[in-house]
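User: Could you walk me through this model and tell me what lies behind the labels you use?

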Amino acid sequence: MSLAIEVQGLTYKFPNAPAPALVDVSLEVGWNTRTLIVGSNGAGKSTLLKLLSGKHLCLTGNILVDGMDPFSPVSQQHREQDGCQTTTYLGTEWCHMSFINRDIGVLELLNSIGFEHFRDRGEALIDILDVDVNWRMHRLSDGQKRRVQLAMGLLKPWRLLLLDEVTVDLDVLARSRLLSFLEHETRNRRCSVVYATHIFDGLAEWPDKLIHIRDGRLVKSLDYKQDVFFEQELRKVTESGKTVKLGYTKSLHPLALSWISKDEGKN
Ligand SMILES: Nc1ncnc2c1ncn2[C@@H]1O[C@H](COP(=O)(O)OP(=O)(O)OP(=O)(O)O)[C@@H](O)[C@H]1O
(Lines give C-alpha, C1' and ligand atoms only; values in the text may rest on other atoms or scores of the structure.)
Protein backbone atom coordinates (compact mmCIF):
# COMPACT_ATOMS: atom_id res chain seq x y z
CA MET A 1 0.00 0.00 0.00
CA SER A 2 1.25 3.53 -0.79
CA LEU A 3 2.65 5.85 1.86
CA ALA A 4 1.31 9.35 2.46
CA ILE A 5 4.50 10.84 0.94
CA GLU A 6 7.35 9.26 -1.01
CA VAL A 7 9.98 11.71 -2.30
CA GLN A 8 13.18 10.59 -3.99
CA GLY A 9 16.10 12.67 -5.23
CA LEU A 10 14.04 15.86 -5.48
CA THR A 11 15.95 18.89 -6.72
CA TYR A 12 14.03 22.03 -7.58
CA LYS A 13 15.23 25.35 -8.96
CA PHE A 14 12.93 28.31 -9.57
CA PRO A 15 13.26 29.78 -13.08
CA ASN A 16 15.87 32.58 -12.98
CA ALA A 17 17.05 31.63 -9.46
CA PRO A 18 20.83 31.35 -9.12
CA ALA A 19 20.71 28.15 -7.06
CA PRO A 20 18.21 25.38 -6.43
CA ALA A 21 15.76 25.86 -3.55
CA LEU A 22 15.80 22.10 -2.87
CA VAL A 23 18.69 19.70 -3.42
CA ASP A 24 18.42 15.92 -3.58
CA VAL A 25 15.65 15.62 -0.98
CA SER A 26 14.42 12.13 -0.17
CA LEU A 27 11.67 11.60 2.36
CA GLU A 28 9.04 9.09 3.40
CA VAL A 29 6.01 9.91 5.53
CA GLY A 30 3.57 7.23 6.64
CA TRP A 31 -0.13 7.43 7.33
CA ASN A 32 -1.59 8.62 10.65
CA THR A 33 1.42 10.83 11.33
CA ARG A 34 2.20 14.44 12.18
CA THR A 35 5.44 15.81 10.75
CA LEU A 36 7.03 19.09 11.78
CA ILE A 37 9.45 20.84 9.39
CA VAL A 38 12.13 23.03 10.96
CA GLY A 39 14.36 25.39 8.99
CA SER A 40 15.51 28.99 8.82
CA ASN A 41 13.98 31.62 6.50
CA GLY A 42 14.69 30.60 2.93
CA ALA A 43 15.64 27.02 3.84
CA GLY A 44 13.13 25.51 1.40
CA LYS A 45 10.14 24.56 3.59
CA SER A 46 7.46 26.32 1.52
CA THR A 47 8.99 25.10 -1.71
CA LEU A 48 8.80 21.52 -0.48
CA LEU A 49 5.19 21.90 0.68
CA LYS A 50 4.18 23.53 -2.61
CA LEU A 51 5.79 20.74 -4.61
CA LEU A 52 3.96 18.18 -2.47
CA SER A 53 0.69 20.01 -3.12
CA GLY A 54 1.27 20.01 -6.89
CA LYS A 55 1.65 23.80 -7.18
CA HIS A 56 5.01 23.39 -8.92
CA LEU A 57 6.11 20.71 -11.36
CA CYS A 58 8.94 18.52 -10.12
CA LEU A 59 11.42 18.05 -12.98
CA THR A 60 14.27 16.31 -11.15
CA GLY A 61 13.39 13.49 -8.81
CA ASN A 62 10.17 11.82 -7.94
CA ILE A 63 7.21 12.77 -5.74
CA LEU A 64 4.27 10.56 -4.84
CA VAL A 65 1.44 11.61 -2.54
CA ASP A 66 -0.87 8.73 -1.72
CA GLY A 67 0.83 6.89 -4.57
CA MET A 68 0.12 9.62 -7.16
CA ASP A 69 2.07 12.42 -8.79
CA PRO A 70 0.62 15.52 -7.08
CA PHE A 71 1.06 17.62 -10.23
CA SER A 72 -1.03 15.35 -12.41
CA PRO A 73 -4.65 16.43 -13.03
CA VAL A 74 -5.76 12.91 -12.15
CA SER A 75 -4.37 13.40 -8.67
CA GLN A 76 -6.12 16.76 -8.27
CA GLN A 77 -9.43 15.26 -9.33
CA HIS A 78 -8.97 12.10 -7.34
CA ARG A 79 -11.76 11.74 -4.86
CA GLU A 80 -12.39 8.71 -2.77
CA GLN A 81 -15.83 7.33 -2.10
CA ASP A 82 -15.97 8.93 1.33
CA GLY A 83 -15.44 12.41 -0.16
CA CYS A 84 -11.81 12.88 0.91
CA GLN A 85 -9.56 15.03 -1.24
CA THR A 86 -5.95 13.91 -1.64
CA THR A 87 -4.16 17.09 -0.58
CA THR A 88 -5.06 20.31 1.18
CA TYR A 89 -2.42 23.04 1.19
CA LEU A 90 -2.94 26.05 3.47
CA GLY A 91 -0.47 28.91 3.19
CA THR A 92 -0.31 32.48 4.42
CA GLU A 93 -1.13 34.19 1.12
CA TRP A 94 -4.89 33.41 1.32
CA CYS A 95 -5.64 36.27 3.74
CA HIS A 96 -4.23 38.83 1.29
CA MET A 97 -6.33 37.75 -1.67
CA SER A 98 -8.77 40.40 -2.86
CA PHE A 99 -11.82 38.11 -2.99
CA ILE A 100 -11.40 37.40 0.72
CA ASN A 101 -11.25 41.04 1.76
CA ARG A 102 -14.63 41.99 0.28
CA ASP A 103 -17.83 42.73 2.16
CA ILE A 104 -18.88 39.10 2.22
CA GLY A 105 -20.24 37.01 5.10
CA VAL A 106 -18.44 33.99 6.54
CA LEU A 107 -21.54 31.81 6.12
CA GLU A 108 -21.73 32.72 2.42
CA LEU A 109 -18.10 31.73 2.01
CA LEU A 110 -18.61 28.46 3.85
CA ASN A 111 -21.76 27.66 1.84
CA SER A 112 -19.87 28.32 -1.39
CA ILE A 113 -17.54 25.41 -0.62
CA GLY A 114 -20.19 22.92 0.53
CA PHE A 115 -20.73 23.64 4.23
CA GLU A 116 -24.09 21.82 4.16
CA HIS A 117 -22.47 18.71 2.80
CA PHE A 118 -19.92 18.59 5.63
CA ARG A 119 -22.19 20.08 8.27
CA ASP A 120 -20.99 18.12 11.34
CA ARG A 121 -17.35 18.69 10.53
CA GLY A 122 -18.00 22.35 9.72
CA GLU A 123 -19.78 22.97 13.00
CA ALA A 124 -16.98 21.30 14.93
CA LEU A 125 -14.41 23.52 13.18
CA ILE A 126 -16.44 26.66 13.80
CA ASP A 127 -16.51 25.77 17.47
CA ILE A 128 -12.80 24.85 17.67
CA LEU A 129 -11.71 28.00 15.86
CA ASP A 130 -14.34 30.17 17.55
CA VAL A 131 -15.58 31.54 14.21
CA ASP A 132 -18.75 33.63 14.11
CA VAL A 133 -20.59 32.81 10.86
CA ASN A 134 -22.09 36.33 10.88
CA TRP A 135 -18.67 37.99 10.60
CA ARG A 136 -18.11 40.11 7.48
CA MET A 137 -14.70 39.43 5.96
CA HIS A 138 -13.66 43.05 5.31
CA ARG A 139 -14.06 43.90 9.01
CA LEU A 140 -11.90 41.09 10.47
CA SER A 141 -8.51 41.14 12.16
CA ASP A 142 -5.69 39.07 10.62
CA GLY A 143 -6.17 36.35 13.25
CA GLN A 144 -9.94 36.23 12.65
CA LYS A 145 -9.37 35.93 8.88
CA ARG A 146 -6.92 33.14 9.56
CA ARG A 147 -9.55 31.29 11.61
CA VAL A 148 -11.99 31.56 8.69
CA GLN A 149 -9.33 30.31 6.29
CA LEU A 150 -8.67 27.29 8.50
CA ALA A 151 -12.38 26.52 8.97
CA MET A 152 -12.83 26.66 5.19
CA GLY A 153 -9.62 24.84 4.35
CA LEU A 154 -10.22 22.01 6.79
CA LEU A 155 -13.91 21.59 5.96
CA LYS A 156 -13.41 18.87 3.35
CA PRO A 157 -11.51 15.92 4.77
CA TRP A 158 -8.08 15.42 3.24
CA ARG A 159 -5.56 12.60 3.03
CA LEU A 160 -2.52 14.88 3.32
CA LEU A 161 -2.69 18.29 4.98
CA LEU A 162 0.18 20.70 4.27
CA LEU A 163 0.27 23.64 6.68
CA ASP A 164 2.64 26.42 5.74
CA GLU A 165 2.97 28.66 8.82
CA VAL A 166 -0.77 29.36 8.93
CA THR A 167 -1.05 29.39 12.70
CA VAL A 168 1.26 32.38 13.15
CA ASP A 169 -1.51 34.88 13.92
CA LEU A 170 -3.79 32.60 15.92
CA ASP A 171 -3.99 33.18 19.66
CA VAL A 172 -2.59 30.36 21.79
CA LEU A 173 -6.03 28.92 22.59
CA ALA A 174 -7.17 28.70 18.95
CA ARG A 175 -3.79 27.21 18.02
CA SER A 176 -3.89 24.68 20.81
CA ARG A 177 -7.43 23.57 19.91
CA LEU A 178 -6.49 23.35 16.23
CA LEU A 179 -3.45 21.19 17.00
CA SER A 180 -5.63 18.88 19.10
CA PHE A 181 -8.14 18.63 16.25
CA LEU A 182 -5.37 17.68 13.83
CA GLU A 183 -4.00 15.13 16.25
CA HIS A 184 -7.47 13.63 16.60
CA GLU A 185 -7.86 13.49 12.81
CA THR A 186 -4.53 11.74 12.27
CA ARG A 187 -5.31 9.22 15.00
CA ASN A 188 -8.77 8.37 13.78
CA ARG A 189 -8.73 8.20 10.00
CA ARG A 190 -6.20 7.51 7.24
CA CYS A 191 -4.51 10.89 6.92
CA SER A 192 -1.30 12.76 7.76
CA VAL A 193 -0.25 16.34 8.44
CA VAL A 194 2.99 18.11 7.51
CA TYR A 195 3.44 21.42 9.27
CA ALA A 196 6.15 24.05 8.68
CA THR A 197 6.37 26.66 11.43
CA HIS A 198 8.70 28.97 13.32
CA ILE A 199 6.56 28.80 16.47
CA PHE A 200 7.33 25.79 18.64
CA ASP A 201 5.43 26.63 21.81
CA GLY A 202 2.85 23.99 22.60
CA LEU A 203 4.29 21.47 20.15
CA ALA A 204 6.46 19.38 22.49
CA GLU A 205 4.05 16.45 22.45
CA TRP A 206 2.51 16.93 19.03
CA PRO A 207 4.74 15.52 16.26
CA ASP A 208 5.66 11.96 15.31
CA LYS A 209 8.42 13.08 12.98
CA LEU A 210 10.80 16.02 12.95
CA ILE A 211 12.51 17.16 9.75
CA HIS A 212 15.30 19.71 9.54
CA ILE A 213 15.93 21.46 6.21
CA ARG A 214 19.02 23.62 5.71
CA ASP A 215 19.87 25.43 2.45
CA GLY A 216 17.47 23.21 0.53
CA ARG A 217 18.87 19.97 1.91
CA LEU A 218 17.17 17.61 4.30
CA VAL A 219 19.77 17.36 7.05
CA LYS A 220 17.80 15.46 9.68
CA SER A 221 14.71 13.28 9.80
CA LEU A 222 13.89 12.09 13.31
CA ASP A 223 11.36 9.66 14.66
CA TYR A 224 10.11 11.83 17.50
CA LYS A 225 9.35 9.02 19.95
CA GLN A 226 12.53 7.06 19.28
CA ASP A 227 15.09 9.79 18.73
CA VAL A 228 14.04 12.81 20.82
CA PHE A 229 14.32 12.91 24.63
CA PHE A 230 13.55 15.64 27.14
CA GLU A 231 15.71 15.46 30.25
CA GLN A 232 15.03 17.52 33.32
CA GLU A 233 18.64 18.37 34.21
CA LEU A 234 19.96 19.15 30.73
CA ARG A 235 20.90 22.78 30.06
CA LYS A 236 21.73 22.52 26.36
CA VAL A 237 20.87 20.34 23.40
CA THR A 238 23.09 17.30 22.86
CA GLU A 239 23.08 15.23 19.70
CA SER A 240 24.74 11.90 19.11
CA GLY A 241 23.95 9.97 15.96
CA LYS A 242 20.20 10.17 15.51
CA THR A 243 19.49 10.80 19.18
CA VAL A 244 18.64 14.29 20.35
CA LYS A 245 18.40 15.23 24.03
CA LEU A 246 17.11 18.53 25.29
CA GLY A 247 16.15 20.02 28.63
CA TYR A 248 12.67 21.08 29.66
CA THR A 249 12.26 24.63 28.43
CA LYS A 250 10.86 27.50 30.42
CA SER A 251 7.89 28.80 28.45
CA LEU A 252 5.08 31.28 29.04
CA HIS A 253 2.83 29.20 26.79
CA PRO A 254 0.91 27.49 29.64
CA LEU A 255 0.23 30.86 31.29
CA ALA A 256 -0.98 32.50 28.06
CA LEU A 257 -3.13 29.44 27.34
CA SER A 258 -4.70 29.57 30.80
CA TRP A 259 -5.43 33.32 30.64
CA ILE A 260 -6.94 33.23 27.17
CA SER A 261 -8.99 30.12 27.99
CA LYS A 262 -10.45 32.04 30.95
CA ASP A 263 -11.00 35.17 28.80
CA GLU A 264 -13.01 33.10 26.35
CA GLY A 265 -14.88 31.13 29.04
CA LYS A 266 -13.29 27.88 27.92
CA ASN A 267 -11.49 26.84 31.07
N1 LIG B 1 9.13 32.40 -6.65
C2 LIG B 1 10.44 32.28 -6.40
N3 LIG B 1 11.36 32.58 -7.33
C4 LIG B 1 12.69 32.45 -7.09
N5 LIG B 1 13.18 32.00 -5.92
C6 LIG B 1 12.32 31.68 -4.95
C7 LIG B 1 10.91 31.81 -5.12
N8 LIG B 1 10.29 31.41 -3.98
C9 LIG B 1 11.28 31.09 -3.12
N10 LIG B 1 12.50 31.24 -3.70
C11 LIG B 1 13.81 30.95 -3.09
O12 LIG B 1 13.82 29.58 -2.72
C13 LIG B 1 14.48 29.41 -1.48
C14 LIG B 1 13.56 28.67 -0.53
O15 LIG B 1 12.45 29.50 -0.25
P16 LIG B 1 11.23 28.99 0.63
O17 LIG B 1 10.13 29.98 0.48
O18 LIG B 1 10.95 27.58 0.31
O19 LIG B 1 11.86 29.06 2.10
P20 LIG B 1 11.17 28.81 3.52
O21 LIG B 1 12.00 27.79 4.22
O22 LIG B 1 9.74 28.51 3.36
O23 LIG B 1 11.41 30.22 4.21
P24 LIG B 1 10.51 31.06 5.26
O25 LIG B 1 10.75 30.45 6.61
O26 LIG B 1 11.10 32.41 5.15
O27 LIG B 1 9.08 30.99 4.81
C28 LIG B 1 14.91 30.81 -1.01
O29 LIG B 1 16.26 31.00 -1.36
C30 LIG B 1 14.03 31.74 -1.81
O31 LIG B 1 14.70 32.94 -2.08
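Analyst: Happy to; we can go through the sheet, the core and the ligand site of this predicted model.

User: Let's begin with the sheet. What makes β2 and β4 edge strands?

Analyst: The open sheet has three strands in the order β2-β1-β4, paired antiparallel. Strands β2 (22–29) and β4 (60–65) each pair on one side only, and that is what puts them at the edges. On average, neighbouring strands of this sheet are turned by 15° against each other, with direction ignored.

User: How do you know that β1 and β2 pair?

Analyst: Pairing needs at least two bridges, and β1 (residues 5–12) and β2 have five, in the antiparallel sense. As an example, E6 has E28 in β2 as its bridge partner. Helix α1 (residues 45–53) packs on this sheet, where it touches β1, β2 and β4, and its direction makes about 120° with that of β1.

User: Which residues have the most contacts inside the largest nonpolar core?

Analyst: They are I5, L52, L129, A151, L160, L162 and L163, in a core of 55 residues. Take L160: beyond its neighbours within four places in sequence, it is in contact with A4, I5, V65, D66, T86, T87, C191 and S192. Contact here means C-beta atoms within 7 Å.

User: And the ligand: what makes up the shell around it, by class?

Analyst: Six polar, four nonpolar and one charged residues. The surrounding residues are F14, A17, A21, G39, N41, G42, A43, G44, K45, S46 and T47. Because Lys counts as charged and Gly as polar, K45 is the charged one, while G39, G42 and G44 go with the polar group.

Notes
Residues numbered from 1 in each chain as written. Predicted model: local features only at pLDDT ≥ 70, side-chain atom pairs only at ≥ 80, totals over all residues. Near = placed C-beta within 6 Å. Core = buried A, V, L, I, M, F, W, Y, C linked by C-beta atoms within 7 Å. Buried ≥ 20, exposed ≤ 12 C-beta atoms within 10 Å, placed from the backbone. Contact = placed C-beta atoms within 7 Å. Helix = DSSP H or I, 4+ residues; strand = E, 2+ residues; numbered from the N terminus. Axes fitted to C-alpha atoms, helices over the stretch in contact; angles between N-to-C directions.
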